[in-house]
Amino acid sequence: MLLCPCLVIFLRVALSSFYGSLSAAYNALLDFGPANFFLLYAPRPDFKVTLGYGVWILLQVALYQFLPSKLSTGQLTPAGNLLKYRTNGLLAWIITHVLFLTLSIFGFLDPAILARHWEALLVTANIAGFLLTGLAYAKAHLSPTHEKDRKFSGSIMYDVYMGIELNPRIGKYFDFKLFTNGRPGIVAWTLIDFSFIAYQYQTHGYITKSILVSTILHTIYVVDFFINEDWYLRTIDICHDHFGFYLAWGSLVWLPAVYTLQTQYLARNPILWSNFQAAAILITGIGGYILFRSVNHQKDLVRRTKGICNLWGAPAKVLRVKYQTNDGLEHDSLLLFSGWWGLARHVNYLGDLILSYSMCATCGFTHLLPWTYAIFMTILLIHRCWRDEERCSKKYGKGWEEYCKRVRWVIVPGIY
Ligand code: NDP
């Protein structure tokens, strides 16, 4: 937990003070020693930036809470709770971006404001990430939302890290997990990109195809997330992960800092692609996205229709399985094994990886730093497979074994 902020700061220092070279930054770290290195290069807080960050969070809370919203239903929790969620993310994303654009066009806001204050923003976001982690831990003990959906590991550190409460809430609908991941995390993603595009324009006098392709791919992913916010309620983040440092700090710091590294890099180090090269990266990325969306859609459809639907022109093939919730009640579920889901058990991760590598390819092959996102996604998704398979195996027992026999591959059919 202490290493993560250092890593984020190190990446930024490498980008701003060492021309994006990780090895140069690392050599300086060795030369100066870690304490002197961070004293010399680490960003400093700025009161006005902290104030601006506070306004940003309040704006997102207000949009989440007060914009009109449909109520979507999550999945049954281990304690047997079925929760409703306010899913108005698309409207919040549109309003935030239109506001940013309008204020920029009419001269009330420098569109490069986030890029120019990025260092101080990182400091504030880190403080916010740790405060939220502490709040989540204290709330889980003092005022839990659903007592029986808490998970204690026996280790205080692990509880702080992975969280105790499954669905911490304030009031009936303010859900910490959906809010933190979606709004200060994912809404910020494209806003930061746009700000770094403005920064590139202001410092170099032009906007490159590479930064545009990278931003287009990010925007597709982000807008898709909000159009399908309902689907997100049936993913591991919402259904199974508890709310601690991993999700709180991850959404407030890691996501905005690392997922935008490509545009941060390109704003300072423009890369000029030919039309053909830019189109090739864009098309590969869109291909990855189509795979990602199509696979996720199939699972969502099958779960919503309880297996009564067609995939690729044939009735979906599902394995009917059973599991028990903590209250001892038995429930039915199903595991799809046709369509994409007949090829590999996590083929949705493959689409995501193709998209991630395409996003990073916009930055060329001279530096490793802008590839951090793709490397991170590879580790995250492989680790997710292991975590998820262990959990599903405990949950469904023999049913899961039977499913694995029918669908042999994990992510890449024929290879892994
Ligand atoms: P999934 O959406 O694949 O959800 C996994 C869960 O689905 C399992 O725990 C199980 O839950 C259920 N399930 C597993 N196999 C089947 C099956 N054959 N049929 C029906 N249900 C099944 O995974 P994630 O939540 O990890 O990811 C969702 C998407 O989000 C992925 O495309 C991933 O790439 C992306 N993602 C992106 C991240 C980013 O930071 N950019 C981070 C994480 C994910 P149950 O208990 O309900 O059976």
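This report describes the domains, the annotated segments and three helix pairs of a predicted model.

## Domains of the chain

The domain assignment divides the protein chain into domain 1, which covers residues 1-42, domain 2, which covers 44-270, and domain 3, which covers 273-416. When the centres of domain 1 and domain 3 are taken over C-alpha atoms, 35 Å separate them. These two domains nevertheless touch, with 7 residues of domain 1 in contact with 4 residues of domain 3.

## Segments listed in the record

An unreviewed UniProt entry lists residues 1-16 under "signal peptide". In the model, residues 1-16 are 88% helix and 0% strand, and the C-alpha atoms at the two ends of this span are 24 Å apart.

Under "transmembrane region", the unreviewed UniProt entry lists residues 49-67, 88-108, 120-138, 206-223, 243-261, 273-292 and 354-382. Residues 206-223 are 83% helix and 0% strand, and their end C-alpha atoms lie 26 Å apart. For residues 354-382 the model gives 66% helix and 0% strand, with 14 Å between the end C-alpha atoms.

## Helices H5 and H9

Two packed helices are described by the angle between their axes and the distance between the axes. Helix H5 spans residues 89-105 and helix H9 spans residues 176-204, and their axes come within 10 Å and cross at roughly 30°. Because angles under 35 degrees count as roughly parallel, H5 is roughly parallel to H9. The crossing of H5 and H9 is right-handed.

On the H5 side, the residues that take part are Gly89, Ala92, Trp93, Thr96, His97 and Phe100, and they meet Arg183, Val187, Thr190, Leu191, Phe194 and Ser195 in H9. Sorted by character, the residues of this contact between H5 and H9 comprise 6 nonpolar, 5 polar and 1 charged.

## Helices H7 and H13

Helix H7, made of residues 118-142, packs against helix H13, made of residues 245-258, at an angle of about 170°, and their axes are 8 Å apart. This angle makes H7 roughly antiparallel to H13. From H7 the contact draws on Trp118, Leu122, Ala125, Asn126, Ala128, Gly129, Phe130, Leu132 and Thr133, while from H13 it draws on Phe245, Ala248, Trp249, Leu252, Val253, Pro256 and Ala257. The residues of the contact of H7 with H13 divide into 13 nonpolar and 3 polar, with no charged residue.

## Helices H10 and H14

Helix H10 (residues 209-227) and helix H14 (residues 261-268) have axes that come within 9 Å and cross at roughly 165°. The two helices, H10 and H14, are therefore roughly antiparallel to each other, and their crossing is left-handed.

In this pair, Ser210, Ile211, Ser214, Thr215 and His218 of H10 meet Gln262, Thr263, Leu266 and Ala267 of H14. The residues of the contact of H10 with H14 divide into 3 nonpolar and 6 polar, with no charged residue.

Technical notes
Residues are numbered from 1 along each chain as its sequence is written. This is a predicted model: local features need pLDDT of at least 70, side-chain atom pairs count only at pLDDT 80 or more; totals for chains, interfaces and linings use all residues. Side-chain values use heavy atoms; hydrogens and water are left out. Axes are lines fitted to C-alpha atoms, for helices over the stretch in contact, and angles run from 0 to 180 degrees between N-to-C directions. Helices (H or I, at least four residues) and strands (E, at least two) are DSSP runs, numbered from the N terminus. Angles under 35 degrees count as roughly parallel, over 145 as roughly antiparallel, 65 to 115 as roughly perpendicular and the rest as oblique. A crossing is left-handed if the near helix is turned anticlockwise from the far one by less than a right angle, and right-handed if clockwise. Contact means heavy atoms within 4.5 Å. Ala, Val, Leu, Ile, Met, Phe, Trp, Tyr, Cys and Pro count as nonpolar, Asp, Glu, Lys and Arg as charged, and the others, Gly among them, as polar. UniProt positions are given in the numbering used here, feature names are shortened, and annotations may be inferred rather than shown by experiment. Domain bounds come from an automatic or database domain assignment.
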